[in-house]
Amino acid sequence: MLALEGVSYTYRSHEGDVTALKPLDLTIEDGTFLGIIGHTGSGKSTLLQLMCGLLSPSSGRVVVDGENIADKRVRNRLHLKIGMAFQYPEYQLFAPTVAEDIAFGPRNAGLSATEVDKRVRLAMERLRLGYERFAHASPFELSGGEKRRAALAGVIATDPKLLILDEPTAGLDPAGRSELLGIIEEFNRSGMTLVMVSHSMDDIARLANRVLVLKDGAAVMQGTPTEVFGRGDFLRSINLGVPQATEFAAELRAQGFPLPEGLLTLETLASAIAHELESGSVSRGI
Amino acid sequence: MEDAEVSPVPIVEFDIVNYVYPAHATVPQTATSADAIPAQQAALDAISFTVEPGEFLAVIGANGSGKSTLAKHINALLKPQSGRVLTVGLDTSEPELAFEIRSHAGMVFQNPDNQMVTSIVADDVAFGPENLAVPHDEIASRVDDALDAVKMTDFALRNPAHLSGGQKQRICIAGVLAMRPDVLILDEPGAMLDARGRRGIRRIVRELNKGGMTVILITHFMEEAMLAGRVLVISEGRNMLEGAPIEVFAHKELLRACRLDVPFSLLLAEELCARGIKVPELVSPKELREVLLCLHSKA
Amino acid sequence: MAFDIAIGQYHHAESVIHRLDVRAKLTLLFGLIATVFLADGFIGLGVVALFVLIVIALSRVPVITILKALAPVSIFLLFPLLFNTFLAREGIEVFRVGFILITEEGLYKAGFMTLRLLLLFLTAALLTLTTSPIALCDGMAKMLEPFERFGVPAFEISLMASIALRFIPTLLEDFDRIRKAQQARGAVFDSGGVLARLRTLVPCLVPLFAQSFRKAEELANAMESRCYHGGSNRTHYHEFRLAWRDAVAAGVCLVLLLVMVFFF
């Protein structure tokens, strides 16, 4: 379990002190899929870096499984518990072969050669990268989508129980996007706790069970996707959107078509519309 | 202006264009889709199409489909190995025409950070006109006009490093507009932007086209392709489909096979049909809402 | 958290100093440096200091901004101060405790050297505070232009400098991100000997180079698309026209220089 207790972050620039994140309380229970939405500059990436100990909070504390990560010994082992993938993670690939790159994390953890090899194979399997085909290929020869998956394999090779993803699908084409989202969904289903920043409200609605909305360094909303996306007007007022299905339902409702709140996906929307039309004709039939 | 009416020369004309990347060379790696196409695989395979003055064409395709290669052919950054590309009637395979072709065909790339040469917005916008040897006094008015067209006038003296991705990309568009091109080519301009940045770019591109600018937009975002008058779908370097957006989107299976998306309203229509509700399959969101309201009032 | 390394810490303001032609300002800078070295007493330095103070007042740059600009180099002022104060062995004794001996001569020298350096730093800071990096590049290119006939690519040099200024913050940002990404995978950068440390940098430097090459290629494409074809047949957005104020500035500087040569 990861908990942020009154965590804030302020840094110095030549224009004075800038508060990138205002004091925030947040608890992420094991197995949660937390979606974070907000604009560039809303404090998203600061928050992610605080969670995994890459930044130290200016105030408050970050507690992982009951241990404060300000403690250097805790922080040094943190990468075994928390994996972090920055935006465009393929930019961190460096080794001559895919397998060696993925082995970087496990090796830093001081694992034995056989254990490292086991981890590499497992990570590649989880990212749907065939070992025979990719293990000895140069990361620089892969396609965009394959590179992305190789980089993510390098992040999960230490088998973290919490994975932090900053815009994991940025720049991928539609098929690549849905493939990767499928993989991420599997991670969560197998018990991994997920934190994902995305500007696709549809992806957040589909995958997350908790949503955090950030604006100008402050958490302005926290709740289930239904609660958060139920406040479409508020989200629009801060220039964020809602899932396409929610948007469509809201417009239909405004034009006099009765629909319940909390329709987040295509399927639930279609069913609700069908239900309404059928019940309408049934009541008239009587 | 009158010229265009007298001589109906297409702005861009591709005639059975083939292009294969040289062996051992990887495709120039674009920021988001660093796709290395195996040597000998055709990056463009017998592509033909034309773009008329004032048109808005969207070229859609998955990463590695050859759409960026296609874009680079329009302004002579790449030359066809066989076939012919004419831009404003000029043959791109003539090296001595490259300068003139580029002055007519302005190109915006996907990563705004890698297109700017200076750390002051106005100076960057002036770079193109300076290269075209536009007289000094006219450069200033062109810079002003271009920044106005992308609604960034207030940022003229700012450092682009302090702007958002969407704002930077607008500066890049201004940098091309200041060259007063006949056609604006945008190669995945929204790929590195957030939803708000993409919306801003969409609005500006639509406005420019309404103002008469010919636009070729390369993208894999369906909401961007929806803006176009005509859509060209390419996959593995080949034309797969061409037509008005809604006609093209009707081919859902083909789009999926090309690793592309189907717009939301069509998916919803599909789901509704599956639930026994009779709605037309090819609809825009607005049309679909009208149909549903009509069904509801009848029910 | 944009990387805000303030190269030259340009401070925008509307002032006569800001409006001076860059070439006039560069000439002024070199002239002032010369006068600082020519002055061989406190009175001479006092005159230069007075002149610098007038320029500061005219520039409308807040004193606090100037002090901040000087902060990183202030350590260099400390050296001559301490060195001359404590190591002078000649002159009239002022103070002596054990091996520490402070003489009048030493104090005089320390004060003189420190003031001299301070004035040098101040004039240099004033140039960068009142001139945008890009204007500085342009100005230097313009001054190099007469040498173009000897094969000096003046425009290319200024464009290169401009691109470097533009990309340094981006590269630092890239490096920071890659370093953090590897750190998140358990890389440790701050332990071991020199060789070990260098080795830990490989996972950062390889991606940084790969990324830089890609950036360079994209930039080249973008520049070519915008009809870049070198420095010939090209006009300039910023025209350099010398105005009366540039002549005045140069004149004042010349007078100061002459005064220094003949009186101090």
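Here is a short chat about how to read the contacts in this predicted model.

Visitor: Let's begin with chains A and B. How many residues of chain B are in contact with chain A?

Guide: On the chain B side there are 38 residues, and they are in contact with 44 residues of chain A. The area buried between the two chains is about 3,500 Å². Carbon and sulfur atoms give 59% of that area.

Visitor: And how should I read the charged pairs there?

Guide: The general idea is that side chains of opposite charge can pair when their charged atoms come close. Across the interface of chain B and chain A, the rule finds three salt bridges. One of them joins B:Asp261 to A:Arg177, at 3.7 Å from N to O. There are also 10 residue pairs in polar contact between chain B and chain A, counting pairs with both residues at pLDDT 80 or more.

Visitor: Which helix gives the most to the side of chain B that touches chain A?

Guide: That's α12(B), with eight residues. Helices α7 (195–210), α11 (264–274) and α12 (285–298) of chain B each supply at least two residues of that side. Sorted by class, the side of chain B that touches chain A has 21 nonpolar, six polar and 11 charged residues.

Visitor: Now chains A and C. What area do they bury between them?

Guide: About 2,000 Å², with 62% of it on carbon and sulfur atoms. Here 23 residues of chain A are in contact with 19 residues of chain C. Look for A:Tyr91, A:Gln92 and A:Phe94: they supply 28% of the area that chain A buries against chain C, more than any other three residues.

Visitor: How many salt bridges does the rule find across the interface of chain A and chain C?

Guide: One. C:Arg185 pairs with A:Asp101, and their closest N and O atoms are 3.1 Å apart. The rule also finds six residue pairs in polar contact across this interface, again with both residues at pLDDT 80 or more.

Visitor: What parts of chain A should I look at for that?

Guide: Try β1 (2–13), α1 (44–51), β6 (82–85) and α4 (98–108) of chain A, since each supplies at least two residues of the side that touches chain C. Helix α4(A) gives the most, with five residues. By class, that side of chain A divides into 13 nonpolar, nine polar and one charged.

Visitor: Where is C:Thr235 placed?

Guide: You'll find C:Thr235 in the loop between α9 (194–225) and α10 of chain C. The side chain of C:Thr235 reaches the backbone oxygen of B:Val134 at 2.5 Å. Setting aside its neighbours within four places in sequence, C:Thr235 is in contact with B:Pro129, B:Glu130, B:Ala133, B:Val134, B:Pro135 and B:Ile139.

Visitor: How do I describe two helices that pack together?

Guide: Two packed helices are described by the angle between their axes and the distance between the axes. In chain C, take helix α3 (residues 42–59) and helix α10 (residues 244–263): they pack at an angle of about 170°, with axes 11 Å apart. Angles over 145 degrees count as roughly antiparallel, so that's how α3(C) runs relative to α10(C).

Visitor: Which residues make the contact?

Guide: From α3(C) come C:Gly44, C:Val47, C:Val48 and C:Phe51, and from α10(C) come C:Val252, C:Leu256 and C:Met260. By class, this contact has six nonpolar, one polar and no charged residues.

Visitor: Back to salt bridges. How many are there over all chains?

Guide: By this rule, 49. For one within a helix, look at A:Arg121 and A:Asp117, whose side chains meet at 3.0 Å, N to O. Both residues lie in helix α5 (residues 113–126) of chain A, four residues apart, which is about one turn of the helix.

How values were computed
Residues numbered from 1 in each chain as written. Chains lettered and ligands numbered in written order. Predicted model: local features only at pLDDT ≥ 70, side-chain atom pairs only at ≥ 80, totals over all residues. Heavy atoms only, no water. Contact = heavy atoms within 4.5 Å. Buried area = accessible area lost by both parts, 1.4 Å probe. Salt bridge = Lys/Arg side-chain N within 4 Å of Asp/Glu carboxyl O. Polar contact = N/O pair within 3.5 Å; in protein donor to acceptor, adjacent residues only side chain to side chain. Nonpolar A, V, L, I, M, F, W, Y, C, P; charged D, E, K, R; others polar. Axes fitted to C-alpha atoms, helices over the stretch in contact; angles between N-to-C directions. Parallel < 35°, antiparallel > 145°, perpendicular 65-115°, else oblique.
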